[in-house]
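User: Please take a close look at one part of this model, the place where two of its chains meet, and then place that part in the sheets around it.

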There are 4 protein chains.
Amino acid sequence: MTGSMSKHERLPPKLNAAEMEAFLEREFPQVFGSRKMFHVEAVDHRFARMRCRYDPRQLRPGGTISGPTMMTLADTGLYVAILASIGPVALAVTTNLNINFLRKPDQKDLLAECRLVKLGKRLAVGEVSIWSEGEEEDLVAHATGTYSIPPER
Amino acid sequence: MTGSMSKHERLPPKLNAAEMEAFLEREFPQVFGSRKMFHVEAVDHRFARMRCRYDPRQLRPGGTISGPTMMTLADTGLYVAILASIGPVALAVTTNLNINFLRKPDQKDLLAECRLVKLGKRLAVGEVSIWSEGEEEDLVAHATGTYSIPPER
Amino acid sequence: MTGSMSKHERLPPKLNAAEMEAFLEREFPQVFGSRKMFHVEAVDHRFARMRCRYDPRQLRPGGTISGPTMMTLADTGLYVAILASIGPVALAVTTNLNINFLRKPDQKDLLAECRLVKLGKRLAVGEVSIWSEGEEEDLVAHATGTYSIPPER
Amino acid sequence: MTGSMSKHERLPPKLNAAEMEAFLEREFPQVFGSRKMFHVEAVDHRFARMRCRYDPRQLRPGGTISGPTMMTLADTGLYVAILASIGPVALAVTTNLNINFLRKPDQKDLLAECRLVKLGKRLAVGEVSIWSEGEEEDLVAHATGTYSIPPER
């Protein structure tokens with residue numbers, strides 16, 4: 001009757017996964033262009049699930065997917081979770097990223113689930129779990145990231 | 001028939017919450033002694049839930065529970081989750097702690113849920129969510145910690 | 001002749017070490033009170049050197065100074081370096097602390113050198129090296145911290 | 001007369017900058033290959049200075065060098081500092097990387113100085129300062145990284 005929304009009411013995402021990919025391809029052609037590695041599998045309010053395609057060109061000696069690729073996956077996924085929550089208008093800027101590498105990934109796609117633990121007006125903080133496809137119980141990396149959200153214009 | 005255990009079969013905790021508190025009071029009298037602030041509420045394999053009693057002596061200017069108190073809560077809780085998983089024999093050593101402070105806590109008890117995202121033979125990594133009692137949706141801090149587990153003697 | 005100051009001209013500290021200790025004892029009696037562990041040895045623009053007195057009450061099993069004590073030392077030292085740079089008016093708030101524990105400290109005082117790598121209007125970031133007295137070449141811990149500086153009133 | 005070496009005696013690097021680049025081009029052709037962005041400018045025991053060439057292809061919206069590029073620069077530089085110290089035999093593995101982004105880089109090359117704060121038999125920890133060429137006083141990013149060094153074969 002009041003129409004007021006609780007702070008934690010389930011909100012729909014501002015863009016769905018297909019809209020998000022179209023936005024990313026347009027804005028970040030280097031990362032999401034023709035031979036893109038990173039795919040948005042699902043988005044929701046404060047959430048994104050990403051896929052990083054296994055690509056032998058990314059391999060380090062010893063055959064693992066590189067650490068920088070996983071850092072990029074974590075950073076991109078949190079950025080997508082923020083856009084899914086506040087829409088594609090604002091330009092969030094990463095201020096901190098912390099990543100723990102837990103074990104050597106397999107020669108498979110990586111999946112990442114990205115959740116915002118805080119979504120304020122000026123600051124968003126999230127955490128990311130990364131695993132090799134089919135091995136969700138045995139994470140290959142875990143990251144947290146902090147983002148500054150510029151004031152609305 | 002095989003008796004083999006899957007790596008991720010649900011295991012019981014090696015100590016229950018009461019046994020854990022008794023162990024901690026004996027081993028860490030400075031932290032878990034007579035006027036102790038930190039309490040073990042629940043433990044499970046790879047998990048601990050901790051309570052930090054609101055205590056005006058810990059207050060900083062402006063009335064918040066201090067950052068160092070929350071760091072200690074996160075570190076202690078992950079230590080408890082490791083002991084719950086591998087038993088009280090080994091002495092795990094913190095090698096890294098990273099904490100994001102998300103908002104000012106209320107003048108209430110803090111609760112912390114601590115989950116291990118990796119439990120290897122030599123290394124354990126976990127994450128901690130901290131909130132003011134009754135406000136689980138609005139975290140006051142989020143931490144990750146890394147622990148070195150010495151080889152068995 | 002111009003009177004303009006370069007951004008990185010050497011500035012004097014806004015408080016000297018004695019003024020800083022008096023301020024801290026008044027504002028943080030729990031930490032800097034009668035039996036205080038933490039001492040301000042020197043301050044400068046964007047810099048503080050702190051001492052943590054060896055105190056057997058702080059010992060963990062195995063005889064080391066506790067991780068939380070070192071986290072508090074790092075956090076307090078960066079806070080002092082900020083106050084030394086901007087004066088005691090504003091209330092800086094820790095938003096992130098990341099600490100690596102490198103080796104077991106000796107049963108001696110700890111010294112910490114705290115340097116700001118960024119001092120903006122709204123954000124300060126610093127790093128801390130911690131060692132056992134007389135062993136500066138062999139750090140026991142290294143930390144970085146991020147602080148939010150509220151707008152001036 | 002004793003011939004004993006102090007633990008902190010100045011040691012020469014195990015490879016010089018040119019040998020290091022040749023090693024990296026051979027082992028990491030994806031990163032240090034024909035159109036390589038990252039260059040080893042100088043190495044010493046526990047130290048590396050790296051250059052990241054300004055390359056418009058790396059730009060994000062708004063024109064800055066991307067966060068992932070700076071993470072890769074930090075990670076690669078610490079890896080080079082470890083190789084410079086222990087030689088190209090062992091394969092160090094990144095276990096943690098924490099990076100603070102301090103301001104938007106200019107449209108210039110980035111320089112990074114990478115110093116090991118610990119170099120143990122099994123663990124190395126280092127810190128990295130990154131700035132736009134000519135603006136060493138105003139860091140664009142600061143990182144710390146932790147590396148696991150496998151036992152010698």
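Analyst:
**The contact between chains D and C**

In this predicted model, chain D and chain C bury about 1,500 Å² between them, and carbon and sulfur atoms give 51% of that area. The contact involves 16 residues of chain D and 16 residues of chain C. Between chain D and chain C there are zero salt bridges, while four residue pairs are in polar contact, both residues of each pair being at pLDDT 80 or more. On the chain D side, the elements that give two or more residues are β3 (93-101), β4 (110-119), β5 (123-132) and β6 (141-148). Of these, β6(D) gives the most, with three residues. By class, the chain D side has four nonpolar, six polar and six charged residues.

The strands of chain D that take part in this contact belong to an open sheet of twelve strands with antiparallel pairing. Its order is β1(A)-β2(A)-β4(A)-β5(A)-β6(A)-β3(A)-β3(D)-β6(D)-β5(D)-β4(D)-β2(D)-β1(D). The edges are β1 (38-44) of chain A and β1 (38-44) of chain D, each pairing on one side only. From one strand to the next the twist averages 20 degrees. Within this sheet, eight bridges hold β3(D) and β6(D) in an antiparallel pair; in β6(D), Tyr147(D) is the bridge partner of Thr94(D). Helix α3 (residues 67-86) of chain D packs on the sheet, where it touches β1, β2 (47-52), β3, β4, β5 and β6 of chain D as well as β3 (93-101) of chain A. The direction of this helix makes about 50 degrees with that of β4(D).

Chain C, on the other side of the contact, has its strands in an open antiparallel sheet of twelve strands with chain B, in the order β1(B)-β2(B)-β4(B)-β5(B)-β6(B)-β3(B)-β3(C)-β6(C)-β5(C)-β4(C)-β2(C)-β1(C). β1 (38-44) of chain B and β1 (38-44) of chain C each have a single partner strand, so one side of each is left without a neighbour in the sheet. Here the twist averages 20 degrees from one strand to the next. In chain B, strand β4 (residues 110-119) runs antiparallel to strand β5 (residues 123-132), and nine bridges join them. Lys118(B) has Val125(B) in β5(B) as its bridge partner. Helix α3 (residues 67-86) of chain B packs on this sheet, touching β1, β2 (47-52), β3 (93-101), β4, β5 and β6 (141-148) of chain B and β3 (93-101) of chain C. Its direction makes about 50 degrees with that of β4(B).

Notes. Residues numbered from 1 in each chain as written. Chains lettered and ligands numbered in written order. Predicted model: local features only at pLDDT ≥ 70, side-chain atom pairs only at ≥ 80, totals over all residues. Heavy atoms only, no water. Pairing = 2+ DSSP bridges. Helix = DSSP H or I, 4+ residues; strand = E, 2+ residues; numbered from the N terminus. Axes fitted to C-alpha atoms, helices over the stretch in contact; angles between N-to-C directions. Contact = heavy atoms within 4.5 Å. Buried area = accessible area lost by both parts, 1.4 Å probe. Salt bridge = Lys/Arg side-chain N within 4 Å of Asp/Glu carboxyl O. Polar contact = N/O pair within 3.5 Å; in protein donor to acceptor, adjacent residues only side chain to side chain. Nonpolar A, V, L, I, M, F, W, Y, C, P; charged D, E, K, R; others polar.
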